[in-house]
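Grab the viewer and work through these exercises at your own pace. Each one gives you a task, then a solution taken step by step.

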2 protein chains.
Amino acid sequence: MEKIRRNERMSAMLKILTDSPNRIFTLSHFCDLFGAAKSTMSEDIDLLREVTSTFGLGKLETVTGAAGGVRYRGSVSREDAREYIGGLCANLSGTERVLPGGFLYYSDVLSSPEITGYMGRIIATEYFDTEPDFVLTMETKGIPVALTTAFALGVPLVIARHNSRAYEGSAVNINYVSGSSGTIQTMSLARRAVREGTRALIVDDFLKGGGTAKGMVDLMHEFNVTVVGMAFVMETAAPEKKRISGEKSLMSLSIRRIGDEASAVVKPADWLED
Amino acid sequence: MEKIRRNERMSAMLKILTDSPNRIFTLSHFCDLFGAAKSTMSEDIDLLREVTSTFGLGKLETVTGAAGGVRYRGSVSREDAREYIGGLCANLSGTERVLPGGFLYYSDVLSSPEITGYMGRIIATEYFDTEPDFVLTMETKGIPVALTTAFALGVPLVIARHNSRAYEGSAVNINYVSGSSGTIQTMSLARRAVREGTRALIVDDFLKGGGTAKGMVDLMHEFNVTVVGMAFVMETAAPEKKRISGEKSLMSLSIRRIGDEASAVVKPADWLED
């Protein structure tokens, strides 16, 4: 391979780092790839750190120690997060998206690669330091945002199901009380999906009473897994008291009735205002 | 802002382009962002095109015409795709992942952000030219790979469900015959999820008889939507004749019995060998 210029090397390096977020690459890895000296690579990394910071493209971090190297985190500043979620809230508020029964239609938001990609980065930013080993969600609507969060954290995604299926193998089932309907439901997870003694971040689309979330916490106890945090795309303002606590939701929802018409009021969560 | 160096500009530009794959950015967009002349930006793009090609990081393409500009596609070469899928097949083959009933456990593969990310790029590479407006999948296990495919194509993801739910609003329901069980099932999609006259790429995790896939095709007809293609992570070798045709699956599965033991034989699909 002919000599690679700094601008080419830097571009390729940033692409490789951002393709595997939160993963530590050793300096030697890049030295070998580009045929460059360690001192040169260090300079490249310093420049890239400036670039990502200047253009709000996340953070390049140097990790010292035996397992050290450089890693990319798609961190979102609190200010950028607030602005983005604020824009989403404005789109979701009003009468147009309210369905009969007072439900809010936002499936399109929950399955948008672009929007869930950014929400995943916002959630990951809050939980990098808790070092989860995997992200847990409950099928179905939270899967996209749970996947993008897992991607940003550089960890696998694990999906709990309503029923155990033949193609999942032996499973742990638990019963939980659905917060919204009050009925007893089953949650199931394949035995081989999770290793005992690891750490989970719970991510889901919607939090109302907290029954399903509480079910996921109980399920993790069955696997001897520590829950390091819980994040939701949307939570309802009422009931104020949920069956779980300490969660971080991105938006809060209340439905107001004005005469015959129902209108959604969607606001960024309080913690985003800090 | 002080003057930005070429190496910084190029790194930032590649990051921005790859964050929104298959989206056309005008040259003026980058001229404004970096305060640089068009000729300078053109040179940057030429250099970036070389870099991405040299390191197998996808393709930078210049699009001419009134709506022209530059776009990034995470294209995967046929050779790289074959090698990657070949590695996956080796991991999935053997006795360890075969469950009672002859099912293969590969939920962990289907929810891995890294693996589904790459599979999404492989599938997108095959369908860029068909210009789908959205990706359609049927809940649940195909959602991650459908999301990453949609991301790579720069289009939304639409998820059909087993039943219509209150929070989806008015929906179109169709009945279909499940290929594997022979039972009649329901598939449902919110009216507002899809615009009439658009184009869909169907992506799902598993193809056996093709009943569910046929159901998705029928569902799209109800919306007056053209199906431009169908892609699956895995299809079974038997039955050879499916209810649909023209699909591209990444892997083919057969279960062999040797005495009491069942073993999975997973191979890259034939079209990857071309």
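**Exercise 1: a loop residue with an unusual backbone**

In which loop of chain A does Asn22(A) lie? Add its phi angle and say whether Asn22(A) counts as buried, exposed or partly exposed.

Solution. Before you start, keep in mind that this is a predicted model.
- Step 1: place the residue. Asn22(A) sits in the loop between helix H1 (6–19) and helix H2 (27–34) of chain A.
- Step 2: check the backbone. Phi of Asn22(A) is near 65°, which is positive even though the residue is not a glycine.
- Step 3: count neighbours. Asn22(A) has 19 C-beta neighbours inside 10 Å, and buried starts at 20, so Asn22(A) counts as partly exposed.

**Exercise 2: another positive phi**

Find where Glu131(A) sits, then work out its exposure class.

Solution.
- Step 1: look at the loop between helix H6 (113–127) and S5 of chain A; that's where Glu131(A) is.
- Step 2: read off phi. Glu131(A) is not a glycine, yet its phi is positive, at about 50°.
- Step 3: count again. There are 12 C-beta neighbours inside 10 Å of Glu131(A), and exposed means 12 or fewer, so Glu131(A) counts as exposed.

**Exercise 3: hunting for a cis peptide**

Which peptide bond leading to Thr140(A) is cis, and what is the matching bond in chain B?

Solution.
- Step 1: in chain A, the bond from Glu139(A) to Thr140(A) is cis, with omega near 10°.
- Step 2: find its setting. Thr140(A) belongs to the loop between strand S5 (134–138) and helix H7 (143–153) of chain A.
- Step 3: turn to chain B. Glu139(B) and Thr140(B) are joined by a cis peptide bond with omega about 10°, and Thr140(B) lies in the loop between S5 and H7 of chain B.

**Exercise 4: the company Lys248(A) keeps**

Name the element that holds Lys248(A) and list its contacts beyond four places in sequence.

Solution.
- Step 1: Lys248(A) is part of strand S11 (residues 248–258) of chain A.
- Step 2: leaving out residues up to four places away in sequence, Lys248(A) touches Glu126(A), Ala231(A), Ala269(A) and Trp271(A).
- Step 3: try a distance. Met230(A) is 18 residues from Lys248(A) in sequence, but their C-alpha atoms are 6.3 Å apart in space.
- Step 4: assign exposure. Lys248(A) counts as partly exposed because it has 17 C-beta neighbours inside 10 Å.

**Exercise 5: reading the sheet in chain B**

Write down the strand order of the six-stranded sheet, mark its edges and find the helix that packs on it.

Solution.
- Step 1: the order is S6-S5-S9-S10-S11-S12 (chain B), in an open sheet with mixed pairing.
- Step 2: S6 and strand S12 (261–268) of chain B are the edges, as each pairs on one side only.
- Step 3: from one strand to the next, the twist averages 25°.
- Step 4: zoom in on one pair. Strand S9 (residues 199–207) and strand S10 (residues 226–236) of chain B run parallel and share eight bridges. Leu201(B) stands opposite Gly229(B) in S10(B).
- Step 5: add the helix. H7(B) packs on the sheet and touches S5, S6, S9 and S10 of chain B; its direction makes about 175° with that of S5(B).

**Exercise 6: how the two chains meet**

How many residues of chain B are in contact with chain A, and what kind of rotation axis relates the copies?

Solution.
- Step 1: 43 residues of chain B contact 43 residues of chain A.
- Step 2: H1(B) gives the largest share of chain B's side, nine residues.
- Step 3: sort that side by residue type and you get 25 nonpolar, 10 polar and eight charged.
- Step 4: superpose. A rotation of 180° with 0.0 Å of shift along its axis puts chain B on chain A, with an RMSD of 0.0 Å. The two copies are therefore related as by a two-fold rotation axis.
- Step 5: compare surfaces. The same surface serves both copies, with 100% of the contact residues of chain B recurring in chain A.

**Exercise 7: two domains in chain A**

Give the domain bounds and describe the contact between the domains.

Solution.
- Step 1: chain A splits into domain 1 (6–73) and domain 2 (78–273).
- Step 2: their C-alpha centres lie 32 Å apart.
- Step 3: six residues of domain 1 of chain A contact six residues of domain 2 of chain A. On the domain 1 side, these are one nonpolar, three polar and two charged.

Terms used
Residues numbered from 1 in each chain as written. Chains lettered and ligands numbered in written order. Predicted model: local features only at pLDDT ≥ 70, side-chain atom pairs only at ≥ 80, totals over all residues. Domains from an automatic or database assignment. Contact = placed C-beta atoms within 7 Å. Nonpolar A, V, L, I, M, F, W, Y, C, P; charged D, E, K, R; others polar. Helix = DSSP H or I, 4+ residues; strand = E, 2+ residues; numbered from the N terminus. Least-squares fit on C-alpha atoms with pLDDT ≥ 70 in both. Pairing = 2+ DSSP bridges. Axes fitted to C-alpha atoms, helices over the stretch in contact; angles between N-to-C directions.
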